[in-house]
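The following questions and answers examine a single protein model. Each answer closes on the value or name requested.

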Amino acid sequence: MKAMGKAKVYMTSDISPAGLMKIYSALAPKLPGKVAVKLHSGEPGNQNFLGPDFWKELIDFVGGTVTECNTAYDGGRNTTEKHLKTIAEHGWSKYFDVDLLDAEGPDTVLEIPSGKRIKKNYVGKNLENYDSLLVLSHFKGHPMGGYGGALKQLSIGIASSFGKAYIHGAGEPEKIWTADHNAFLESMADAALSVVDYFGGKAAYINVMKNMSVDCDCCAVAEDPCMSDIGILASLDPVAIDKACLDLVYASDDPGRDHLIERIESRNGILTVDAAEELGVGTKEYELIEL
């Protein structure tokens, strides 16, 4: 199933809190009720993640609650106790209400009848407390997914600690690091579909193309950014916004783009976008509207 028509993707080169407000105003999403704001809290030691000062004006404007889930690997965010400590140290709880969605079990299980690889997605149970979703993504490379953007936030980001292992293992959590790679990428698309269906269109997506390293914000030791900042993009379609970001990287004449492209292509990152479109999560056909 494919989404019909072209999706609108807005873009500004003003990477600032004011730029965020400008692009959100242009997108004008309908986010009713209690808004879950999904972002990346940043692994301790990571120098590239976007902190609370950058997002504060927008999060305050939507009256959202910052939401996160525990990781499935050793580090500063794999237990509730450690993650809450990291969230405090990075300043999130100073500015915002923060909800660690899987702080306590049991997980909420979202069914995925049409999933290519997995038929269930395990998410933090506190997701049930929200009416709509604002996904704030730092677009960059990723050691396993090739790149990280809206689709990764929807899938791995909202999955519980167990759910992350389940997606990575394509339904076999014990194979978290050894599963077939393409099966993992398609499992991310399956999981993204379940969250999109859960919110029924009451969701919006912002990708910030800044500090673009080949590594994710989940890396305690990450490479420094390899190419110049590009801008902020916003859309109601998570497939379109990720595809637009990828296209902008490929279209760039920045000398560092080749390093990022090598990371994306060596991990077959586009497969997640292709699989998500096939599932009906969104469309790769978009109209880029520059502000």
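Q: How many salt bridges does the count come to?
A: The model is a predicted one. A pair is counted when a side-chain nitrogen of Lys or Arg lies within 4 Å of a carboxyl oxygen of Asp or Glu. By this rule the count comes to 15.

Q: With which residue does R77 form a salt bridge?
A: R77 is in the loop between strand 3 (65-68) and helix 3 (80-89), and its partner is in the loop between strand 2 (35-38) and helix 2, 34 residues apart. The pair thus links distant parts of the chain. The closest N and O atoms are 2.9 Å apart, and the partner is E43.

Q: Is R77 buried or exposed?
A: The cut-off for a buried residue is under 20% relative accessible area. Because R77 has a relative accessibility of 3%, R77 counts as buried. Its partner E43 is also at 3% relative accessibility, so E43 counts as buried. The class of R77 is therefore buried.

Q: Which residues are linked with E43 and R77 in a network of salt bridges?
A: Side chains of opposite charge can pair when their charged atoms come close. R77 and E43 form one such salt bridge, at 2.9 Å. The network that holds E43 and R77 also includes K38 and E68.

Q: What is the N to O distance in the salt bridge of K175 and E172?
A: K175 is partly exposed because its relative accessible area is 35%. E172 has a relative accessible area of 34% and is therefore partly exposed. The side chains of K175 and E172 meet in a salt bridge with an N to O distance of 3.4 Å.

Q: Which residue meets D258 in a salt bridge?
A: D258 counts as partly exposed because its relative accessibility is 46%. The N to O distance of its salt bridge is 2.7 Å. The side chain that meets D258 is that of R257.

Q: Which side chain of opposite charge is nearest to D237, and how far away is it?
A: D237 lies in the loop between strand 11 (231-235) and helix 8 (238-251). D237 is buried yet has no salt bridge. A salt bridge needs the nitrogen and oxygen to be within 4 Å. The nearest side chain of opposite charge is K284, at 11 Å.

Q: Which backbone nitrogen does the side chain of D237 reach?
A: Leaving aside neighbours within four places in sequence, D237 is in contact with A7, Y205, G282 and T283. The side chain of D237 reaches a backbone nitrogen at 3.0 Å, that of T283.

Q: What is the handedness of the crossing of helix 1 and helix 2?
A: The axes of helix 1 (residues 17-27) and helix 2 (residues 52-62) come within 8 Å and cross at roughly 35°. The contact is made by P17, A18, L20, M21 and Y24 of helix 1 and by D53, F54, W55, E57, L58, F61 and V62 of helix 2. The crossing of helix 1 and helix 2 is right-handed.

Q: Which elements are included in what covers the buried residues of helix 1?
A: In helix 1, G19, L20, M21, I23, Y24 and L27 are buried. Of the helix 1 residues that make the contact with helix 2, L20, M21 and Y24 are among them. The cover includes strand 1 (7-12), helix 2, strand 7, strand 10 (203-209) and strand 11.

Q: Is S137 buried or exposed?
A: S137 is in strand 7 (residues 132-138). Leaving aside neighbours within four places in sequence, S137 is in contact with W55, G149, A150, Q153, I206, N207 and V208. Because S137 has a relative accessibility of 1%, the residue counts as buried.

Q: What is the phi of A28, which is not a glycine?
A: Most residues other than glycine have a negative phi. A28 lies in the loop between helix 1 and strand 2, and it is partly exposed because its relative accessible area is 47%. Just after helix 1, A28 takes a positive phi of about 45°.

Q: Where is A170 found?
A: A170 has a positive phi of about 50° although it is not a glycine. A170 is buried because its relative accessible area is 19%. A170 is found in the loop between helix 6 (161-168) and helix 7 (181-199).

Q: What is the omega of the peptide bond from G105 to P106?
A: P106 is in the loop between strand 4 (98-100) and strand 5 (108-111). Most peptide bonds are trans. The bond from G105 to P106 is cis, with omega near -5°.

Note on methods:
Residues numbered from 1 in each chain as written. Predicted model: local features only at pLDDT ≥ 70, side-chain atom pairs only at ≥ 80, totals over all residues. Heavy atoms only, no water. Helix = DSSP H or I, 4+ residues; strand = E, 2+ residues; numbered from the N terminus. Buried < 20%, exposed > 50% of the residue type's maximum accessible area, 1.4 Å probe, protein only. Contact = heavy atoms within 4.5 Å. Lys, Arg positive; Asp, Glu negative; His and termini not counted. Polar contact = N/O pair within 3.5 Å; in protein donor to acceptor, adjacent residues only side chain to side chain. Axes fitted to C-alpha atoms, helices over the stretch in contact; angles between N-to-C directions. Left-handed = near helix turned anticlockwise from the far one by under 90°.
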